[in-house]
There are 2 protein chains.
Amino acid sequence: MTEATRRERLRAETEREIRQAARALLVERGRDAVTLRAIARELGITAPALYRYYDSHDALLRQLCDDICADMAAVLYADLAADTSGHVGCQVRAVCRSFRRWALAHPQEFALVFASPRDPLDTDQFGSVFLQLAGRLIASNLVVKHADDEVPEVLHEDLARFQQVLIDAVSVHGVTIEDDVLNLGKIYHVVQSWVRLYGHVALEVFGRFPFAVSNPEPMFDSMLDHMLSEIGFADD
Amino acid sequence: MTEATRRERLRAETEREIRQAARALLVERGRDAVTLRAIARELGITAPALYRYYDSHDALLRQLCDDICADMAAVLYADLAADTSGHVGCQVRAVCRSFRRWALAHPQEFALVFASPRDPLDTDQFGSVFLQLAGRLIASNLVVKHADDEVPEVLHEDLARFQQVLIDAVSVHGVTIEDDVLNLGKIYHVVQSWVRLYGHVALEVFGRFPFAVSNPEPMFDSMLDHMLSEIGFADD
DNA sequence: CGGTTTTAGTGAACGGTGTTTACAAGAGTT
DNA sequence: AACTCTTGTAAACACCGTTCACTAAAACCG
């Protein structure tokens with residue numbers, strides 16, 4: 001069965017251990033603790049050996065980002081699947097809550113993936129996760145509600161492109177979106193929802209609300225309510 | 001006039017140069033380039049000498065954060081003052097735009113101050129800047145519009161405390177807020193506005209919109225419009 | 001099988017980092 | 001002038017990313 005040679009198996013195993021060690025260091029002692037020497041120490045090898053697996057410390061960190069995104073995606077998908085209500089509104093709510101929960105439980109990972117200046121070109125898995133989830137949820141049965149003329153005309157081009165990206169993303173998985181379900185107005189509100197979701201979660205993770213919030217969860221839920229009703233998921 | 005001794009003046013000057021060098025390094029070559037040795041090199045001294053001014057590298061970074069906040073505050077206040085329209089809605093818009101402009105022009109600073117995991121205890125100047133600006137603008141003549149019962153009851157306590165903090169913050173500067181102008185519903189919407197403002201700006205700075213936005217400014221302005229109308233600044 | 005190539009790992013080295021320590025030299029004080 | 005306080009230095013320690021020459025073992029091949 002395993003076509004891999006002995007050497008390939010060992011290499012894959014070592015690579016797995018490297019990622020695992022890097023992740024543990026990030027979680028337990030922060031971004032700056034993810035050093036080549038610390039990772040190597042964990043594996044019982046020397047630092048230069050890691051260059052057989054990654055071109056540089058930077059490349060390893062990028063890999064780490066991708067791993068984090070993949071793991072987060074798995075969590076989000078799982079929590080989405082756990083919602084058996086059949087109501088899209090509930091599903092959206094479940095995913096948003098899942099995102100917040102994940103971010104609060106993994107602040108270092110969140111900071112690395114979602115709050116580091118980076119070139120917009122290099123994309124990790126996050127983009128596709130977002131597209132898959134958003135696309136899937138939108139495609140289901142979102143009530144058509146928003147007129148295109150609500151959104152400024154300058155944005156039409158970008159939003160139309162994003163619309164196409166969304167359609168392509170879900171069509172890869174066999175789902176098709178009818179044109180009347182996904183208009184520009186709706187796309188715009190999806191983006192606005194992402195702004196609010198991300199804004200709240202990041203502020204909470206980074207402790208940047210302008211006052212001490214003793215219990216942020218109801219505030220988040222309240223924000224979600226407004227967000228969902230605004231986007232048309234009011235009584236789903 | 002200058003009561004300071006010669007030594008005190010020299011010390012203050014050196015400290016100023018340290019901050020200046022640290023800032024330049026952050027701006028030009030990123031957070032990781034702000035090293036004690038690099039700063040010392042810039043001043044023509046040796047690294048251990050910096051320990052006469054700061055307890056550690058970490059303490060220096062914290063000072064850097066405060067400096068950044070102070071500078072940003074100065075920019076925001078200036079842009080606020082530059083708006084001579086007399087309309088509070090225009091002033092809020094001016095400050096929000098100023099915040100976005102500053103963040104885009106200073107991504108490294110923004111990331112350091114607004115997107116680093118930190119203990120919520122240690123507060124830099126940002127909190128007071130926010131309070132001053134928000135308080136001042138709210139105090140002016142915001143149309144009463146939002147009922148308290150819109151906000152979940154669990155939030156009342158936190159929001160009431162924040163309300164008091166706001167009142168105190170502006171009263172220090174001689175401004176008083178009448179009770180009927182600042183109710184919990186309004187406070188809640190102020191917080192929600194901060195969520196959206198921060199969310200958009202951070203997403204733009206970090207390139208984390210789910211698709212390539214070729215021209216984010218109109219999207220920001222559009223968001224601002226919705227935000228202001230929601231908070232009651234519609235036709236000010 | 002025997003010889004060759006490919007590979008994963010080592011150890012030493014280079015220049016960089018934060019931090020501590022012992023020490024010098026000047027400024028301020030009495 | 002003698003003394004103290006302050007600001008700097010140089011040396012050292014342990015850590016960092018990275019390069020390079022080298023070894024030993026695995027894989028390949030005639």
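Ala, Val, Leu, Ile, Met, Phe, Trp, Tyr, Cys and Pro count here as nonpolar, Asp, Glu, Lys and Arg as charged, and the others, Gly among them, as polar. The model is predicted, so local features need pLDDT of at least 70 and side-chain atom pairs count only at pLDDT 80 or more, while totals for chains, interfaces and linings use all residues. Residues are numbered from 1 along each chain as its sequence is written, chains are lettered from A and ligands numbered from 1 in the order in which they are written, and side-chain values use heavy atoms, with hydrogens and water left out.

**Exercise 1.** Describe the protein surface near DNA strand C by residue and by class.

*Solution.* Begin with the residues that are near the strand, meaning that one of their heavy atoms lies within 4 Å of it. There are 20 such residues around DNA strand C, and the closest are A:Arg11, A:Thr46, A:Arg52, B:Arg37 and B:Tyr51. Of the atoms of DNA strand C that come within 4 Å of the protein, 58% belong to sugar and phosphate. Next, sort the residues by class, which gives seven nonpolar, five polar and eight charged.

**Exercise 2.** Identify polar contacts made to DNA strand C and to DNA strand D.

*Solution.* A polar contact is a pair of N or O atoms within 3.5 Å; within protein, one must be able to donate a hydrogen and the other to accept it, and residues adjacent in sequence count only if both atoms are side-chain atoms. On DNA strand C, a base oxygen is 2.2 Å from a side-chain N or O atom of A:Arg52, and a phosphate oxygen is 2.7 Å from a backbone N or O atom of B:His57. On DNA strand D, a backbone N or O atom of A:His57 is 2.7 Å from a phosphate oxygen, and a side-chain N or O atom of B:Thr46 is 2.5 Å from a phosphate oxygen.

**Exercise 3.** Determine how much area is buried between chain B and chain A.

*Solution.* Count the residues in contact (heavy atoms within 4.5 Å), which gives 47 residues from chain B and 47 residues from chain A. Then take the buried area, the accessible area (1.4 Å probe) that two parts lose on being put together, summed over both. The value is about 4200 Å², with 63% given by carbon and sulfur atoms. On the chain B side, B:Arg208, B:Pro210 and B:Phe211 supply 17% of the area buried against chain A, more than any other three residues.
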